[in-house]
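I opened a fresh page for this chain and meant to go through it one topic at a time. These entries record what I looked up.

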Amino acid sequence: SQAEAKRLGLVGWVQNTSHGTVQGQIQGPAARVRELQEWLRKTGSPQSRISRAEFCNEKKITALEHKDFQI
């Protein structure tokens, strides 16, 4: 997901949780964020098994809060 996020010019972070899920924050142009959401929902990294993807707390921001995309 880091390479895909960087390819799309997005910033933010993701991390694995102790519950076998992933959480994070994605920032960038709305259309590019949607592209990454679709990639996360359908493809994901080679080791991932995706049963469900939920995206919440979406809002418009005036400036990016991250410099890069971290895992």
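The entries below go from the whole chain to its core, its pocket and two single residues.

**Whole chain.** I note at the outset that this is a predicted model. Over residues 1-71, I read 27% helix and 20% strand, with the end C-alpha atoms lying 8 Å apart. I then turned to the UniProt record, an unreviewed entry, which places the feature "domain: Acylphosphatase-like" at residues 1-71.

**Core.** I asked which residues make up the largest nonpolar core. I found eight residues in that core, namely Ala5, Leu8, Leu10, Val14, Val33, Leu36, Trp39 and Phe69. Helix H2, which spans residues 30-42, is the element that gives the most to this core, and its share is three residues. I followed Ala5 a little further and, setting aside residues up to four places away in sequence, I saw that Ala5 touches Leu10, Leu36 and Phe69. I add as background that nonpolar side chains tend to be buried together in soluble globular proteins.

**Pocket.** I next looked up the largest pocket, in which about 1,600 Å³ of space lies. Its lining is formed by 40 residues, and those closest to the pocket centre are Gly24, Ile26, Leu40, Glu54 and Phe55. Strand E1 (11-16), strand E2 (22-27) and H2 each supply at least two residues of this lining. When I sorted the lining residues by character, they divided into 15 nonpolar, 17 polar and eight charged.

**Arg7.** I wanted to know whether Arg7 is buried or exposed. I located Arg7 in helix H1, which covers residues 2-7, and I class Arg7 as exposed because its relative accessible area is 54%, where exposed means over 50%. Leaving aside neighbours within four places in sequence, I found Arg7 in contact with Arg32 and Glu35. I also checked Arg7 against Gln25, which is 18 residues apart from Arg7 along the chain, and their C-alpha atoms are separated by 16 Å.

**Asn57.** My last entry concerns the backbone of Asn57, which has a positive phi of about 55 degrees although Asn57 is not a glycine. I placed Asn57 in the loop between H2 and strand E3 (69-70). Asn57 has a relative accessibility of 71%, and I therefore count Asn57 as exposed by the cut-off of over 50%.

Notes:
Residues numbered from 1 in each chain as written. Predicted model: local features only at pLDDT ≥ 70, side-chain atom pairs only at ≥ 80, totals over all residues. Heavy atoms only, no water. Core = buried A, V, L, I, M, F, W, Y, C linked by side-chain atoms within 4.5 Å. Buried < 20%, exposed > 50% of the residue type's maximum accessible area, 1.4 Å probe, protein only. Helix = DSSP H or I, 4+ residues; strand = E, 2+ residues; numbered from the N terminus. Contact = heavy atoms within 4.5 Å. UniProt positions renumbered as here; feature names shortened; annotations may be inferred. 1 Å grid on protein atoms, 1.4 Å probe; cavity = no way out; pocket = protein on both sides within 12 Å on 5 of 7 lines; lining within 4 Å. Points joined across faces, edges and corners; volume = space filled by probe spheres on them. Nonpolar A, V, L, I, M, F, W, Y, C, P; charged D, E, K, R; others polar.
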